[in-house]
Amino acid sequence: MSTPENTPTPTRPAFGFRRSVGDRWIAGVCGGIAARTGVDVNLVRVVAVLLAVFGHLVGLIAYLAAWALVPEETPVTASATPRAPEDPPSSTV
């Protein structure tokens, strides 16, 4: 089955996942992994802590490496329209 040439194909990031901006406690690594895999973020965090504690620091080293090497996702703005200026403060005489 072939796709027409004018149909855009979805592109995935080359690295696999991005660090989460909205769902983060420390660096967003667990939030990014959860968003990429579809697993609950709390389960990913529990596994990360268990690997850090019982995995002879392999989990901690992997987390720190992901923090340093994986880029953050680009934040999505809610609206493209500029916000209205706020009312000037009222002065009472």
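Q: Which element gives the most to the lining of the second largest pocket?
A: In this predicted model, H3 gives the most, with 5 residues.

Q: What makes Val58, Gly59 and Tyr63 lining residues of the second largest pocket?
A: A lining residue has an atom within 4 Å of a pocket point. Val58, Gly59 and Tyr63 are among the residues that line the second largest pocket, so each of them meets that cut-off.

Q: Which elements give two or more residues to the lining of the second largest pocket?
A: They are H1, H2 and H3. The volume of this pocket is about 170 Å³.

Q: Why is the lining of the second largest pocket counted as 11 nonpolar and 1 polar?
A: Gly counts as polar, whereas Ala, Val, Leu, Ile, Tyr and Cys count as nonpolar. Gly59 is in the lining, and therefore Gly59 is the 1 polar residue. The lining has no charged residue.

Q: How many residues line the largest pocket, and which lie nearest its centre?
A: The lining has 16 residues, and Ile26, Cys30, Ala48, Val49 and Tyr63 lie nearest the centre. The elements that give two or more residues to this lining are helix H1 (29-37), helix H2 (41-54) and helix H3 (58-69). H3 gives the most, with 5 residues.

Q: How much space lies in the largest pocket?
A: The space is about 270 Å³.

Q: What makes 3 residues of the lining of the largest pocket charged?
A: Asp, Glu, Lys and Arg count as charged, so the 3 charged residues are of these types. The others in this lining divide into 10 nonpolar and 3 polar.

Key:
Residues numbered from 1 in each chain as written. Predicted model: local features only at pLDDT ≥ 70, side-chain atom pairs only at ≥ 80, totals over all residues. Heavy atoms only, no water. 1 Å grid on protein atoms, 1.4 Å probe; cavity = no way out; pocket = protein on both sides within 12 Å on 5 of 7 lines; lining within 4 Å. Points joined across faces, edges and corners; volume = space filled by probe spheres on them. Helix = DSSP H or I, 4+ residues; strand = E, 2+ residues; numbered from the N terminus.
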